Amino acid sequence: MTTAEKYVTAAYLVLLGAVLVYLVIIALKVARLEEEVSDLIRLARERRGG
Amino acid sequence: MSTSLRNSGFALAAAGLLVGGIALALFWAPEDADQGFSQKIFYVHVPIALTAYACFGFGAWKALRLLWTGEARYDLESYTAIHMGVIFGLLTLVTGSIWAKISWGHWWTWGERQLVLFLILFLFYSAYFMLRYSIEAGPRRERNSAVYALFGAALIPVSFLAVRIAGTILHPTIFTHEGANLPGEMLLAFCICLAGVLALAATLYRVELAGKRVDASLRELRELLA
């Protein structure tokens, strides 16, 4: 691999890396939202039961 | 068309255009006579930079709508667009530095006005978050954030036109008022890459906005149930 090819690969990997990092952040956010929804459902059921 | 279907459409368009555009850029478009293979960074760096400008501009447009109509939903839309703009701005600086290193031998040069002006634009919008979170949520925060976002919009044409105004030697000017200074194959690959990065930004914007809206709704629901 030439030096130019290494730099070009690095530039394209930056974009790919950013998309993957974003995907991880979104996955964590969805997991947190899921947890929050479960909490709220439990809270609503408790209030209904009480 | 439902929101999830539209989001999937944007995501599929982004994936297809990006894969196609990058393949064309790497394997079909001719090598630059001056820079050789390293010029291929152009197909990722310039679309990312233009997308960052587009996101900042879109954020400013939403801010203007907020100030014009007073509708609170524009605040979240403006904030999300600026959030995307900062992400793409950071990517512009990183890919630009990689290209600068292989082309000029330096990661960064302070002598180039376009680089410095883009950095100022990036830092200006990075400071938007500090301003936003220093004010309690409500109409005052919405208005102040919108005014700040609008001020930043003035920097977009300055940053974009800097290289043309300055007439610098190092940073190349591809698009002039006479048209694109590129062969047809390069221009086609570039346009597809640009469409791909714009579609990617649109997808991320919609996903991020949906997440922020769900977050806000859950907070409201929690307050109602408390």
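What follows is a conversation about a predicted model with two chains, A and B.

Visitor: Before anything else, what scores does the model get?

Guide: The model is a predicted one, and it scores ipTM 0.85 and pTM 0.89. For chain B the average pLDDT is 89, with 91% of the residues scoring at least 70.

Visitor: Okay, chain A then. How many helices and strands does it have?

Guide: Chain A has one helix and zero strands. That helix, H1(A), has 47 residues and reaches 68 Å from its first C-alpha to its last, which is close to the 69 Å expected at 1.5 Å a residue.

Visitor: And what does that do to the overall dimensions of chain A?

Guide: The C-alpha trace of chain A spans about 70 × 10 × 5 Å along its principal axes. Its radius of gyration is 22 Å, whereas a compact globule of 50 residues would have one near 10 Å.

Visitor: What share of chain A is buried, and which residues of H1(A) are they?

Guide: Of the 50 residues of chain A, 8% count as buried. In H1(A) the buried residues are Val8(A), Ala11(A), Val14(A) and Leu15(A), and what covers the buried residues of this helix includes H2 and H3 of chain B.

Visitor: So there's an interface. How many residues are in contact on each side?

Guide: On the chain A side there are 22 residues, in contact with 25 residues of chain B. The chain A side of this interface divides into 16 nonpolar residues, two polar and four charged.

Visitor: Switching to chain B: which elements does it have, and in what order?

Guide: Chain B has seven helices and two strands, and from the N terminus on its elements run α-α-α-α-α-α-β-β-α. Its C-alpha trace spans about 65 × 40 × 30 Å along the principal axes, and 38% of its 226 residues count as buried.

Visitor: How much of the contact map is long-range?

Guide: If one takes the contacts in chain B with a separation of 6 or more, residues 24 or more positions apart account for 77% of them.

Visitor: Which residues sit at the heart of the largest nonpolar core, I mean, touch the most other members?

Guide: That core has 62 residues, and Cys55(B), Cys193(B) and Ala201(B) touch the most other members. At least two residues each are supplied by H1 of chain A and by H1, H2, H3, H4, H5 and H7 of chain B, and the largest share, 15 residues, comes from H2(B).

Visitor: What is Cys193(B) in contact with?

Guide: Leaving aside neighbours within four places in sequence, Cys193(B) is in contact with Gly21(B), Ile22(B), Ala25(B), Tyr43(B), Val44(B) and Pro47(B).

Visitor: What about H3(B), how far does it reach and what follows it?

Guide: H3(B) has 32 residues and reaches 45 Å from its first C-alpha to its last, close to the 46 Å expected at 1.5 Å a residue. The residue that follows H3(B) is Gly105(B), whose phi is positive, near 90°.

Visitor: Now the loop between E2 and H7 of chain B. Where do Asn181(B) and Leu182(B) lie?

Guide: Asn181(B) lies in that loop, between strand E2 (179-180) and H7 of chain B, and Leu182(B) lies in the loop between E2 and H7 as well.

Visitor: Why is Asn181(B) classed as exposed, and why is Leu182(B) classed as partly exposed?

Guide: Asn181(B) counts as exposed because 12 other C-beta atoms lie within 10 Å, and the cut-off for that class is 12 or fewer. Leu182(B) has 17 other C-beta atoms within 10 Å and is therefore partly exposed.

Visitor: How far is each from something distant in sequence?

Guide: Asn181(B) and Gly9(B) are 172 residues apart along the chain, and their C-alpha atoms are separated by 32 Å. For Leu182(B) and Asp32(B), 150 residues apart along the chain, the C-alpha separation is 9.6 Å.

Visitor: Last one: what about Leu12(B) and Ala216(B), where are they and how exposed?

Guide: Leu12(B) is in helix H1 of chain B and is exposed, with 12 other C-beta atoms within 10 Å. Ala216(B) is in helix H7 of chain B and counts as partly exposed, with 13 C-beta neighbours inside 10 Å. Leu12(B) is 33 Å from Ile102(B), C-alpha to C-alpha, at 90 residues apart in sequence, while the C-alpha atoms of Ala216(B) and Arg141(B), 75 residues apart along the chain, are separated by 16 Å.

Terms used
Residues numbered from 1 in each chain as written. Chains lettered and ligands numbered in written order. Predicted model: local features only at pLDDT ≥ 70, side-chain atom pairs only at ≥ 80, totals over all residues. Contact = placed C-beta atoms within 7 Å. Nonpolar A, V, L, I, M, F, W, Y, C, P; charged D, E, K, R; others polar. Helix = DSSP H or I, 4+ residues; strand = E, 2+ residues; numbered from the N terminus. Rg over C-alpha atoms; globule rule 2.2 N^0.38 Å. Buried ≥ 20, exposed ≤ 12 C-beta atoms within 10 Å, placed from the backbone. Core = buried A, V, L, I, M, F, W, Y, C linked by C-beta atoms within 7 Å. Expected span 1.5 Å × (residues − 1). pLDDT = per-residue confidence, 0-100.
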